[in-house]
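Reader: I'd like to get better at reading a fold from a model. Could you walk me through this one?

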Amino acid sequence: MRKIPIIMCLLAIFAVPEAVHSQTMEEMAPPIIVMSQYKCDPDRISDIMQEAELQLPYWEELKAAGKIWDQGMYVHQWADEWNIGSYIVAADMESAVAANGEANEKFAADHPDVNALGEACPVHRDNFYMGGVSAEVEGVEVAEGGNPTLVLSFYQCDTSRIGEVLDEYAEHTNPVYEELIRGGKLRGAGSFSHIWADEWNVGFFVVAADIPTFIGAWEESGEMLPEGARTVINDACPTHKDGFYVLGPRTGD
């Protein structure tokens, strides 16, 4: 355990470069989040994770050089057919795309015979999102390491009301999650919205120790929220899905 500020990035439990720590939220431009999801042969999951471990030093190098903020993988626990996912958090879209190309090129040169992801995952999709309001709790001890659960909730929202949805989350839900983080019941939480993506144009993430811990925190959050706190999202976002994943190899772990 160590004390770190939980600031705006995809998973909030990972440290970001010291240059970012020194800035206030108001000074920072929202990060870009690239989410790639894959339909993979379930019998090859361990091979894919071993490949991800081999790739991690290249991402760590990119992060140390300030070219990305974070990168990592996540694996299906209780979700749909997209059973493997990866994310890149960067200052802008160009940086994320360039870093991905650099990492892939260097890895292929050093490990020409390793391609588990390509072999075992014939279908994939990439989505680009803008990071939104996330739980910001300074001076709180947040457990690190291990393989916590990542809960991703995706919504199909009326595009003209996305701002209202995110404002409602910032006003009501985010403060509740911050309180749950202070109590050690969650590790991180936040929001993101469509830049260049499919019909799932608004999303939220929560990081918890495991599924039962998340469910307990979710039930508690419902009791803490004021009446009518989810009126806008219920009205503007009629379709949604939830996925539970285990966080895998990732920078800053």
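Author: We'll go from the sheet to the helices, then to two residues. Keep in mind that this is a predicted model.

Reader: Let's start with the sheet. In what order do the strands of the barrel run?

Author: The general idea is that strands of a sheet pair through backbone hydrogen bonds, either parallel or antiparallel. Here, eight strands make a closed barrel in the order β2-β4-β3-β10-β7-β9-β8-β5, and the pairing is antiparallel. On average, neighbouring strands of this sheet are turned by 35 degrees against each other, ignoring direction.

Reader: How many bridges join β2 to β5?

Author: Eight bridges join them: β2 covers residues 32-39, β5 covers 123-134, and the two run antiparallel. To find your place, look for K39, which stands opposite V123 in β5.

Reader: And which strands does helix α3 lie across?

Author: Helix α3 (residues 93-110) lies across β2, β4, β5 and β8, running at about 125 degrees to β4. Helix α6 (residues 211-224) also packs on the sheet, where it touches β3, β7, β9 and β10. The direction of α6 makes about 115 degrees with that of β9.

Reader: What about α5: how far apart are its end C-alpha atoms?

Author: Count residues, then check the span. At 1.5 Å a residue, the 21 residues of α5 (162-182) should span 30 Å, and the end C-alpha atoms are 28 Å apart, so the two agree. Do look for a bend, though: α5 has one of about 40 degrees at A170. After the helix comes G184, with a positive phi near 75 degrees.

Reader: What covers the buried residues of α5?

Author: The cover includes β5, β8, β9, α6 and α7. Among the buried residues themselves are I162, L166, E168, Y169, N174 and E178.

Reader: Now single residues. Is K241 buried or exposed?

Author: Check the relative accessible area against the 20% cut-off. K241, in strand β10, has 18%, so it counts as buried. Its side chain makes a polar contact of 3.0 Å with that of D80. Beyond its neighbours within four places in sequence, K241 is in contact with residues including W82, R125, F154 and W200.

Reader: And T149: which side chain does its own side chain make a polar contact with?

Author: That's Q77, at 2.9 Å. T149 lies in strand β7 and is buried, with a relative accessible area of 1%. For a long-range pairing in sequence terms, try V246: it is 97 residues from T149 along the chain, yet their C-alpha atoms are separated by 4.7 Å. Leaving out residues up to four places away in sequence, T149 also touches V206, A208, I211 and F244, among others.

Conventions: Residues numbered from 1 in each chain as written. Predicted model: local features only at pLDDT ≥ 70, side-chain atom pairs only at ≥ 80, totals over all residues. Heavy atoms only, no water. Pairing = 2+ DSSP bridges. Helix = DSSP H or I, 4+ residues; strand = E, 2+ residues; numbered from the N terminus. Axes fitted to C-alpha atoms, helices over the stretch in contact; angles between N-to-C directions. Contact = heavy atoms within 4.5 Å. Expected span 1.5 Å × (residues − 1). Bend = angle between axes of the 7 residues up to and from the residue. Buried < 20%, exposed > 50% of the residue type's maximum accessible area, 1.4 Å probe, protein only. Polar contact = N/O pair within 3.5 Å; in protein donor to acceptor, adjacent residues only side chain to side chain.
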